[in-house]
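Pull up the model and let's walk through it together, from the overall layout down to a few side chains.

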Amino acid sequence: MCEKCENIRLVKLFNSPYEYLQCVEYIKSLISNGGFELIEGNCPLDRVKDENGYWADDIIYHVIGCEKCGQVYSCCVNTYHGGGAFRKGR
């Protein structure tokens, strides 16, 4: 793990939709400013909610990777039942 990855703020459990949306913004900033790349996801990061405010899916996930050391992080949320996390690994 590199120095960039040592400073990643992980989230053990999203307690609210707001916490998840904050994490999505954090992930977007890691990609645009921090040397991370989006590896996969089931919707674009800027479209987790549609123009009417509905979630893109019942389960939304994104996987990012560090361009320097290759460490992978995943963000997954269950928009129907609640919960989810931003963690190291897939």
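Helices and strands here are DSSP runs, with at least four residues (H or I) for a helix and at least two (E) for a strand, numbered from the N terminus. Read that way, the elements run α-α-β-β-β-β from the N terminus on, so the count comes to two helices and four strands. Keep in mind that this is a predicted model.

How compact is the chain, going by its radius of gyration? The value is 13 Å, close to the 12 Å that the globule rule gives for 90 residues, so the chain is as compact as a globular protein of that length. If you lay the C-alpha trace along its principal axes, it spans about 40 × 25 × 20 Å. Buried residues account for 33% of the 90 residues. As for contacts with a separation of 6 or more, 47% of them come from residues 24 or more positions apart.

Now zoom in on strand β3, residues 72-78. This strand is mostly covered, with six of its seven residues buried. On one side, β3 runs antiparallel to strand β2 (residues 59-66), and seven bridges join the two. One place to see this is I59, whose bridge partner in β3 is N78. The β2 and β3 hairpin has five residues between the strands, and G70 there takes a positive phi near 85°.

Strand β4 (residues 84-88) is also joined to β3, by five bridges and in antiparallel fashion. Here C76 stands opposite A85 of β4. The hairpin of β3 and β4 has five residues between the strands as well, and in it G82 takes a positive phi near 90°.

While you're in β3, stop at S74, which is found in that strand. Is S74 buried or exposed? Its relative accessibility is 9%, and since the cut-off for buried is under 20%, S74 counts as buried. The S74 side chain reaches the backbone oxygen of G89 at 2.9 Å. Leaving aside neighbours within four places in sequence, the residues in contact with S74 are H62, V63, A85, F86, R87, G89 and R90.

F86 is a good lead into the aromatics. A pair of aromatic rings is described by the distance of the centres and the angle of the planes. A search of the whole structure turns up five aromatic pairs. Take Y26 and F86: their ring centres are 6.3 Å apart and their planes sit at 85°, so this pair is edge-to-face. Y26 belongs to helix α2 (residues 17-33) and F86 to strand β4, so the pair ties together parts that are 60 residues apart in sequence. Both Y26 and F86 are buried.

F86 also pairs with Y73, this time in a tilted arrangement, at 6.1 Å centre to centre with 40° between the planes. That pair links distant parts of the chain too, with Y73 in strand β3 and F86 in strand β4, 13 residues apart. Y73 and F86 are both buried. Put the ring pairs together and you get a cluster of Y26, F36, Y73 and F86.

Two charges are worth a look before you close the viewer. The charged end of R9 sits over the ring of Y26, 3.9 Å from its centre. Likewise, K49 has its charged end over the ring of W55, 4.6 Å from that ring's centre.

Notes: Residues are numbered from 1 along each chain as its sequence is written. This is a predicted model: local features need pLDDT of at least 70, side-chain atom pairs count only at pLDDT 80 or more; totals for chains, interfaces and linings use all residues. Side-chain values use heavy atoms; hydrogens and water are left out. Buried means under 20% relative accessible area, exposed over 50%, partly exposed in between (1.4 Å probe, protein chains only). Two strands pair if DSSP finds at least two bridges between them. A polar contact is a pair of N or O atoms within 3.5 Å; within protein, one must be able to donate a hydrogen and the other to accept it, and residues adjacent in sequence count only if both atoms are side-chain atoms. Contact means heavy atoms within 4.5 Å. Rings of Phe, Tyr and Trp (its six-membered ring) pair if their centres lie within 6.5 Å; planes under 30 degrees apart count as stacked, over 60 as edge-to-face and the rest as tilted. A charge sits over a ring if NZ of Lys or CZ of Arg is within 6 Å of the ring centre and within 35 degrees of the ring normal. The radius of gyration is taken over C-alpha atoms; the globule rule is 2.2 Å times the number of residues to the power 0.38.
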